[in-house]
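Reader: I am new to this structure and would like a close look at a single part of it. Please take the open sheet and what packs against it.

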Amino acid sequence: MSELSMFFAQNVACDTTEEFVVSQRFKDKEGQPVAWKLRSMTEDENQECRKAATRKVKGKSGVYTSEIDPNDYMAKLMTSSVVHPDLKNAELQRSYNVLGAEALLRKMLLPGEFAALGERVQALNGFGTDMNELVEEVKN
C-alpha cells in the first residue's frame, strides 16, 4: 500500500455518529435520559450552513458587504448535525408551535442545553476553537 493510498476515499473513516444526552428533561418510558444522535458533516454541508446564515449588509458608504450571523450559523450547524430527534418533523414542530428546525431547537432547549449541544457539535465536526474564533475564520 502506497503512502498516498491512506488518503483514498475508500480508506477514510466516513461520517462519525455519536449519542449525546443534551438534557435530563427528555426521558424514556423507564425515566432514563434520552440521548440524541449526532453526526459529523462534510465541508460542503458546512458551507451550505454558512451561506444560509450570510446576509448582505449596507455599509456607511453604501457598499454592501457579506456578514455572517453567528447565532444563525451555529443553529444551522447544530440542526444539520442532529439526526435524532428529527428536527424537521412537522408533528414535532407543531407540538412546540414553531416552524423550522432552528426555531424548534431554540424552543426545545434551555440556554445551557443549547450551548452544550453547540459545543458537542463543534467538537464532532473538528472545530477545536470557540465560536468567536470560528466566525473570524469564516470571515477571512
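Author: What follows describes the sheet, then the helices on it, then one residue within it, and last a separate hairpin.

The model is a predicted one. Its open sheet has three strands in the order E1-E2-E5, and the pairing is antiparallel. Strand E1 (17-20) and strand E5 (82-84) are at the edges; each has a single partner strand, so one side of each has no neighbour in the sheet. From one strand to the next the twist averages 35 degrees.

The pairing of E1 with strand E2, residues 36-39, is antiparallel and rests on four bridges. One of the residues involved is Thr 17, whose bridge partner in E2 is Arg 39.

Two helices can be placed relative to these strands. Helix H2, made of residues 70-81, lies across E2 and E5 and runs at about 35 degrees to E5. Helix H5, made of residues 111-124, packs on the sheet and touches E1, E2 and E5. The direction of H5 makes about 35 degrees with that of E2.

H5 itself can be described further. The helix has 14 residues, and the distance from its first C-alpha to its last is 20 Å, close to the 20 Å expected at 1.5 Å a residue. Its buried residues are Glu 113, Phe 114, Leu 117, Gly 118, Val 121, Gln 122 and Leu 124. After H5 comes Gly 126, which has a positive phi, near 85 degrees.

Now to the single residue. Arg 39 is part of strand E2. Is Arg 39 buried or exposed? Its relative accessibility is 18%, and buried means under 20%, so Arg 39 counts as buried. Two further distances help to place this residue. Arg 39 and Val 121 are 82 residues apart along the chain, yet their C-alpha atoms are separated by 8.0 Å. Val 121 is among the buried residues of H5, and H5 is a helix that touches E2. In addition, the side chain of Arg 39 reaches the backbone oxygen of Ser 80 at 3.2 Å.

Last, the hairpin. Strand E3 (residues 54-58) and strand E4 (residues 64-68) run antiparallel and are joined by five bridges. Within this pairing, Arg 55 has Glu 67 in E4 as its bridge partner. Five residues lie between E3 and E4 in the hairpin, and in the turn Gly 62 has a positive phi of about 85 degrees.

Notes. Residues numbered from 1 in each chain as written. Predicted model: local features only at pLDDT ≥ 70, side-chain atom pairs only at ≥ 80, totals over all residues. Heavy atoms only, no water. Pairing = 2+ DSSP bridges. Axes fitted to C-alpha atoms, helices over the stretch in contact; angles between N-to-C directions. Contact = heavy atoms within 4.5 Å. Expected span 1.5 Å × (residues − 1). Buried < 20%, exposed > 50% of the residue type's maximum accessible area, 1.4 Å probe, protein only. Polar contact = N/O pair within 3.5 Å; in protein donor to acceptor, adjacent residues only side chain to side chain.
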